[in-house]
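The following paragraphs lead the reader through a protein model, from a pair of helices to the surroundings of a ligand and the division into domains.

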Amino acid sequence: MFSLKQTQAILTALPDPVFILTRSGKYANILGGTDTRYYHNGSALIGRFFSEVLVAEKANWFMQQIALALQSGQMLVVEYQLAGSDVLGLEDGPDEPIWFEGRIQPLAFQIDGEDAVLWVASNITARHQLQQRLLHLSEVDELSHLYNRRKLRSQLDSQFSLFHRHQTPCSLLVFDLDFFKQLNDACGHPTGDCVIEAVGRVCLQTVREEDLAARYGGDEFAVLMPHTNTQQAWSLADRLRRKIQHVLLQMDLPQICTSISGGISEFLPSDEKVETIIQRADRGLYMAKNLGRNRICCEHPD
Ligand SMILES: Nc1nc2c(ncn2[C@@H]2O[C@H](COP(=O)(O)OP(=O)(O)OP(=O)(O)O)[C@@H](O)[C@H]2O)c(=O)[nH]1
């Protein structure tokens, strides 16, 4: 139907680049990739090896994917990120790193005595960014910028399983603002919202990277602290309490709501479900409220 010349012209005109790659990591040929909004001109790569043009980590990863596709004999779909600067020999194209979907199809013939694949690289950066944005929206509370209850729950479940497998300590702090309703009533909800925002900021500045700070709901917050026993958790919680008080005192609020009360619960081998840990932290919180607020308490284990 088409002449060889026409077929070549069609392949050259493909908007997405199609790489013909050998098992040893050689760019045997590159077809298409005409959409320069999304792709670099990779023609300078032809005849070169991954090891010559890619950083070692990426070169090894590409080789592994080719080996996997050849081993299975079936199309393999992968997602990966690549910046123009990761690949030497690329010309014109986007400056930003690109997310690709690679569809790797083993070829039924060899090239220069080597197994080879056809690798179609499609720019999925916009889709990836949308996925990241949706993930963020589904996990993060928009007022405090802390994680939300759903994310806290899923991390609690993971840490609970890890705890029962490895017995490494883990603690949960649950705290809430003192007299927050009175502040809302006296100053209005927008002021209350500013306080929640401020508490979120202090949490993000204070907790360690491995901890997870979340807004549990209303004026209730939680911090999940892996590898942390009661004593260590109490030190962190009390530091957080003092910092929050310091920040709220500087906010020029009527002296109604300037502190937090909290309860700590260290995971125990006898805990059969996550709810038991949350309830113990809640009992510590009520104890703190009953003892006059502005403190962190921990129910003594039996
Ligand atoms: N501004 C604002 N207020 C909220 C939000 N979510 C919940 N609240 C309010 O938070 C208040 C919580 O009040 P309570 O649970 O009675 O607690 P409290 O007044 O802090 O009393 P104690 O905890 O006993 O010291 C309620 O008035 C809720 O309406 C929010 O997103 N923004």
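The crossing of helices α7 and α8 is right-handed, a term used when the near helix is turned clockwise from the far one by less than a right angle, whereas anticlockwise counts as left-handed. This is a predicted model, in which local features need pLDDT of at least 70 and side-chain atom pairs count only at pLDDT 80 or more, while totals for chains, interfaces and linings use all residues. Residues are numbered from 1 along each chain as its sequence is written.

Helix α7 covers residues 189-206 and helix α8 residues 230-249; their axes come within 10 Å and cross at roughly 140°. That makes α7 oblique to α8. (Oblique is what remains after angles under 35 degrees, roughly parallel, over 145, roughly antiparallel, and 65 to 115, roughly perpendicular.) On the α7 side, Val195, Ala198, Val199, Val202, Cys203 and Thr206 meet Arg239, Leu240, Lys243, Ile244, Val247 and Leu248 of α8, contact being C-beta atoms, placed from the backbone, within 7 Å. The residues of this contact comprise nine nonpolar, one polar and two charged.

Helix α7 also takes part in the shell around the ligand, to which β6 (170-177), α6 (180-187) and α7 each supply at least two residues. The ligand is surrounded by 16 residues, the closest being Phe180, Lys181, His189, Gly192 and Gly218; a residue is near if its C-beta atom, placed from the backbone, lies within 6 Å. Five residues of the shell are nonpolar, five polar and six charged.

The protein is divided into domain 1 (4-131) and domain 2 (140-298), with 48 Å between their centres, taken over C-alpha atoms.

Key. Axes are lines fitted to C-alpha atoms, for helices over the stretch in contact, and angles run from 0 to 180 degrees between N-to-C directions. Helices (H or I, at least four residues) and strands (E, at least two) are DSSP runs, numbered from the N terminus. Two residues are in contact if their C-beta atoms, placed from the backbone, lie within 7 Å. Ala, Val, Leu, Ile, Met, Phe, Trp, Tyr, Cys and Pro count as nonpolar, Asp, Glu, Lys and Arg as charged, and the others, Gly among them, as polar. Domain bounds come from an automatic or database domain assignment.
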